[in-house]
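Me: I am new to this structure and would like a close look at a single part of it. Please take your time and set that part in its surroundings.

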Amino acid sequence: MIPATLRDMVPADIDFITELDRALFGVDSWPREMFVGELSQPETRRYIIAELPAAVGHGNAKQTAGYAGLMCVPPIGDIQTIGVLPEFEGRGIARAMLDELIAEAVRRGAEDIMLEVSSTNPRAQKLYLRYGFEHIHTRRRYYRDGSDGLIMRLRLPANSADAHTKDPS
Ligand SMILES: CC(C)(COP(=O)(O)OP(=O)(O)OC[C@H]1O[C@@H](n2cnc3c(N)ncnc32)[C@H](O)[C@@H]1OP(=O)(O)O)[C@@H](O)C(=O)NCCC(=O)NCCS
């Protein structure tokens with residue numbers, strides 16, 4: 001399987017990512033301005049894109065396979081969003097992006113990483129549990145689709161960017 005490469009998200013990505021976000025999150029997707037605002041705050045944000053080589057016949061072009069974003073105001077980092085195109089799910093692309101954003105949060109001085117995940121999204125919950133995130137709180141009917149928001153937290157031992165990647169077992 002060809003591994004995805006990661007790069008920073010840039011303004012030229014926003015139109016595509018807004019469309020993808022709408023397809024993945026529906027009524028809970030972000031408006032375009034939200035991505036514009038997030039990218040305008042690099043001191044506390046890092047947004048990344050996962051890319052794969054484009055299909056045969058497209059030269060050296062790459063295709064976007066996923067995106068993810070971090071807000072970090074030490075000592076707390078927040079995974080703001082993460083999404084992978086349905087046709088590229090199950091290849092470890094979300095894990096690669098999470099690895100990068102957790103390492104980034106550690107570099108920026110985070111001690112805890114927080115995120116919210118819908119109670120109706122067992123696939124994402126499983127991904128986070130595998131990383132050691134714990135479910136610490138529930139926000140009832142947090143999402144516009146009426147589902148609860150599960151608040152999850154990963155405690156980071158100090159100065160160990162490599163210690164938080166997925167348990168290979
Ligand atoms: C959740 C999501 C980001 C996972 O992306 P992904 O690239 O497929 O995930 P990975 O391939 O890195 O796999 C990570 C974990 O997801 C789960 N997973 C992967 N493929 C799966 C599949 N086909 N069926 C069920 N679970 C699967 C597994 O827990 C996997 O870990 P494991 O392989 O070690 O068991 C992706 O499904 C997605 O974008 N969903 C829609 C948007 C969304 O829900 N985002 C999260 C909001 S909190």
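Which residues does T44 touch, not counting residues up to four places away in sequence?

Reply: This is a predicted model, in which local features need pLDDT of at least 70 and side-chain atom pairs count only at pLDDT 80 or more, while totals for chains, interfaces and linings use all residues. Residues are numbered from 1 along each chain as its sequence is written, and side-chain values use heavy atoms, with hydrogens and water left out.

Leaving aside residues up to four places away in sequence, T44 touches L70, M71, C72, V73 and R108, where contact means heavy atoms within 4.5 Å. T44 itself sits in the loop that lies between α2 (32–39) and β2 (45–53); helices (H or I, at least four residues) and strands (E, at least two) are DSSP runs, numbered from the N terminus. With a relative accessible area of 18%, T44 is buried, a term that means under 20% relative accessible area, whereas exposed means over 50% and partly exposed lies in between (1.4 Å probe, protein chains only). The side chain of T44 also makes a polar contact with that of R45, at 2.7 Å; such a contact is a pair of N or O atoms within 3.5 Å, of which, within protein, one must be able to donate a hydrogen and the other to accept it, and residues adjacent in sequence count only if both atoms are side-chain atoms.

As for the surroundings, the protein has four helices and seven strands, which follow one another along the sequence as β-α-α-β-β-β-α-β-α-β-β. Its radius of gyration is 16 Å, close to the 15 Å that the globule rule gives for 169 residues, so the protein is as compact as a globular protein of that length; this radius is taken over C-alpha atoms, and the rule is 2.2 Å times the number of residues to the power 0.38. Taken along the principal axes, the C-alpha atoms fill a box of roughly 50 × 35 × 35 Å. Buried residues, a group to which T44 belongs, make up 44% of the 169 residues. Among contacts with a separation of 6 or more, 59% come from residues 24 or more positions apart.

Helix α4 (residues 122–131) offers a further example of burial, since A124, Q125, L127, Y128 and Y131 are buried there. They cover an arc of only 160° around the axis, which puts them on the same side of α4; the arc is that of the directions from the helix axis to the C-beta atoms. On the other side of α4, P122, K126 and L129 are exposed.
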